[in-house]
Amino acid sequence: RVREVYIAKPGCKLVYFDLSQAELRFAAYLSGDKAFIAACESGDVHTATAMRLFPAHAQIIGADPKGAGKPFRDVEKNSIFGFIYYADPSTIFGFVRSKGLPVEMRDVVTMHDAVRGEFAHYFRYVEYNKRFVDKNGYMRDALSGRISWLGWHAGYPDVAKRPIQGGIASLMNVRLPRIRHALPP
């Protein structure tokens, strides 16, 4: 709805584009997690991850991800960011339930454990970053080299989010000027 507050000046257009599952893709490639990368390379990381989280329903999810598999994909899509950004399972449970999705706390804990098992290399990457931040107080952006001060006692969510969101911002700062000439006024 935030787009509704902007109005293009006469003769100009507002352009919107989506970075197709950018945060998950960036997390996978930045960490070098082969299983996570494979999920991203499948075309739709949310469908691929939902199939891993709900193996008993993988055939339905894979065959019709936005139809019969949609409930499973929706639960995954509303949970995965919490998992990779170290949200507590009870927080994820509350969020998913607030979306009207029929999950139980035990389901969220099972998904949490499955994600940590499936993408173990990603979580080791975050653990490494956490130890570095605890020792040095900062992180460097993987693309720009920019230093982000987090302090010596930063929480896991901040340490997990910073390289992903900062990296995407750096990527956009490089890419947007390159595509500007292709955009309408």
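How far apart are the mean positions of the 26 positive and 18 negative charges of the protein chain? In this predicted model, the two mean positions are separated by 8 Å. This report describes the chain as a whole and then turns to some of its helices and residues.

## The chain as a whole

The protein chain contains nine helices and two strands. Read from the N terminus, the order of these elements is α-α-α-α-α-α-α-α-β-β-α. Along the principal axes, the C-alpha atoms fill a box of roughly 50 × 45 × 30 Å. The chain has 185 residues, and 36% of them count as buried. Its exposed area is about 11,200 Å², of which carbon and sulfur atoms supply 57%.

Contacts within the chain can also be sorted by distance in sequence. Among those between residues at least 6 apart in sequence, 52% join residues at least 24 apart.

## Helix α1

Helix α1 covers residues 22–31, and its buried residues are Ala22, Leu24, Phe26, Ala27, Ala28 and Ser31. What covers these buried residues? The cover includes α2 (34–41), α3 (45–53), α5, α8 (120–136) and α9. Just after α1, Gly32 takes a positive phi of about 75°.

## Helix α5 and the loop after it

Helix α5 consists of the 15 residues 70–84. At 1.5 Å a residue the helix should span 21 Å, and because its end C-alpha atoms are 21 Å apart, the model agrees with this expectation. The helix also bends by about 30° at Asn78.

Several residues of α5 are buried: Arg73, Asp74, Val75, Glu76, Ser79, Ile80, Gly82, Phe83 and Ile84. A general property of helices is useful when reading such a list. An α-helix has 3.6 residues a turn, so residues three or four places apart point the same way.

Tyr86 follows just after α5 and is placed in the loop between α5 and α6 (89–98). This residue has a positive phi of about 65°, although it is not a glycine. Is Tyr86 buried or exposed? Its relative accessibility is 16%, so Tyr86 counts as buried, the cut-off being under 20%.

## Four residues and their surroundings

The following table sets out four residues with their elements and relative accessible areas.

| Residue | Element | Relative accessible area | Class |
|---|---|---|---|
| Pro89 | helix α6 | 15% | buried |
| Tyr138 | strand β1 (residues 138–140) | 23% | partly exposed |
| Ile168 | helix α9 | 13% | buried |
| Ser170 | helix α9 (residues 156–179) | 5% | buried |

The contacts described below leave aside neighbours within four places in sequence.

Pro89, in helix α6, is in contact with Met105, Val108, Val109 and His112. Its C-alpha atom is separated by 26 Å from that of Gln59, a residue 30 places away along the chain.

Tyr138 belongs to strand β1. Which residues are in contact with Tyr138? They are Phe132, Val133, Ile147, Ser148, Trp149 and Leu150. With a relative accessible area of 23%, Tyr138 is partly exposed, since buried means under 20% and exposed means over 50%. Between the C-alpha atoms of Tyr138 and Lys34 there are 27 Å, and these two residues are 104 residues apart along the chain.

Ile168 and Ser170 both have their places in helix α9. For Ile168, the contacts are Leu19, Ala22, Glu23 and Phe26. Two of these partners, Ala22 and Phe26, are among the buried residues of α1, and α9 is part of what covers the buried residues of that helix. Ser170 is in contact with Asp141, Leu143, Ser144 and Arg146. Because its relative accessibility is 5%, Ser170 counts as buried.

How many residues apart in sequence are Ile168 and Pro89? They are 79 residues apart in sequence, and their C-alpha atoms are 26 Å apart in space.

Key: Residues numbered from 1 in each chain as written. Predicted model: local features only at pLDDT ≥ 70, side-chain atom pairs only at ≥ 80, totals over all residues. Heavy atoms only, no water. Expected span 1.5 Å × (residues − 1). Bend = angle between axes of the 7 residues up to and from the residue. Buried < 20%, exposed > 50% of the residue type's maximum accessible area, 1.4 Å probe, protein only. Contact = heavy atoms within 4.5 Å. Areas by Shrake-Rupley, 256 points an atom, 1.4 Å probe, with all protein chains shown as cover. Lys, Arg positive; Asp, Glu negative; His and termini not counted. Charge placed at Lys NZ, Arg CZ, Asp CG, Glu CD.
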